[in-house]
Amino acid sequence: MIRDSVRDAINAQMNREFYSSYLYLAMAGYFESMNLKGFSGWMQVQAKEEHAHGMKFYGYLVEQGARISMAAIEAPPSEWATPLAAFEHALAHEQKVTARIHDLMDLAMKEKDYATAGFLGWFVKEQVEEEAAAGEIVFKMKLASAEKGAVLLYLLDHELGKRGKTA
Ligand SMILES: [Fe+2]
Ligand SMILES: [Fe+2]
């Protein structure tokens with residue numbers, strides 16, 4: 001049985017994962033409005049992944065016999081100045097999430113909650129991938145606008161589209 005402090009912190013992180021899903025879905029809608037279907041498809045897949053992260057925390061609390069409590073999900077923005085601004089936001093968001101996961105890990109260690117620390121290990125690794133993926137796209141987009149903007153942006157949209165659109 002986990003301590004209340006750990007349960008509450010995990011419950012809060014579950015909410016933040018669902019917020020992440022909501023944020024990326026908002027970004028998908030923004031790209032949809034610009035007819036950038038590849039970008040939108042990428043964001044939809046990302047939104048699904050974040051939902052799955054939320055469910056991992058949900059499942060862990062259930063496994064620990066803890067009571068789930070669903071808090072309100074904050075409304076994300078629906079507009080960004082440019083596609084680059086949206087991806088810069090995504091990268092900054094992932095960096096914030098990484099810090100929260102590390103805070104959770106610190107709490108688990110402080111409480112000598114080894115089961116929770118082990119469970120969180122997956123998220124520590126996942127955040128490295130998440131930051132790398134968003135960072136790479138930001139880098140490519142900056143390159144695209146510095147060079148032959150329109151053509152490279154088109155190629156990038158095509159590349160992102162390969163990840164596949166989910167309905
Ligand atoms: Fe996540
Ligand atoms: Fe994420």
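This is a tour of a predicted model, stop by stop, with a note on what to select at each one.

Residues are numbered from 1 along each chain as its sequence is written, while chains are lettered from A and ligands numbered from 1 in the order in which they are written. Because the model is predicted, local features need pLDDT of at least 70 and side-chain atom pairs count only at pLDDT 80 or more, whereas totals for chains, interfaces and linings use all residues; side-chain values use heavy atoms, with hydrogens and water left out.

**First stop: the iron ion (ligand 1)**

Select the iron ion (ligand 1) together with Glu17, Glu50 and His53, whose OE, OE and ND1 atoms respectively are its protein donors, lying 2.1 Å from the ion. Donors here are N, O and S atoms within 2.8 Å of the metal (3.2 Å for Na, K and Ca), and since water is not among the atoms, sites may look incomplete. Along the chain these donor residues follow the spacing E-x32-E-x2-H. Glu17 belongs to helix H1 (residues 4–33) and His53 to helix H2 (residues 37–63), so the pair ties together parts that are 36 residues apart in sequence. Helices are DSSP runs (H or I, at least four residues), numbered from the N terminus. Glu17, at 0% relative accessibility, counts as buried, and so does His53, at 3%; buried means under 20% relative accessible area, with a 1.4 Å probe and protein chains only.

**Second stop: the iron ion (ligand 2)**

Now add the iron ion (ligand 2), which lies 3.3 Å from the iron ion (ligand 1), and keep Glu50 displayed, since Glu50 coordinates both. The donors of the iron ion (ligand 2) are OE atoms of Glu50, Glu94 (listed twice) and Glu130, at 1.9 to 2.5 Å. The angles among the four donor atoms run from 54 to 151°, and the site is irregular; four donors would count as tetrahedral if all angles lay between 85 and 135 degrees, or as square planar if opposite donors were over 155 degrees apart and all others between 65 and 115. The donor spacing in sequence is E-x43-E-x35-E. Glu50 lies in helix H2 and Glu130 in helix H4 (residues 114–146), so this pair ties together parts that are 80 residues apart in sequence. Glu50 counts as buried at 2% relative accessibility, as does Glu130 at 6%.

**Third stop: the largest cavity**

Select Tyr24, Trp42, Gln46, Ala90, Glu94, Glu130, Ala133 and Ala134, which line the largest cavity. A cavity is a set of points, on a 1 Å grid over the protein atoms alone, where a 1.4 Å probe fits but cannot get out, and lining residues have an atom within 4 Å of a point. The volume of the largest cavity is about 50 Å³. H2, H3 and H4 each supply at least two lining residues, and H4 gives the most, with three.

**Fourth stop: the largest pocket**

Finally, select Arg16, Tyr19, His89, His93, Lys96, Val97 and Arg100, the lining of the largest pocket. A pocket is an open set of points with protein on both sides within 12 Å along at least five of seven lines. The elements that give two or more residues to this lining are H1 and helix H3 (83–110), and H3 gives the most, with five residues. The largest pocket has a volume of about 170 Å³.

Conventions. Buried < 20%, exposed > 50% of the residue type's maximum accessible area, 1.4 Å probe, protein only. Points joined across faces, edges and corners; volume = space filled by probe spheres on them. Tetrahedral: all angles 85-135°; square planar, octahedral: opposite > 155°, others 65-115°.
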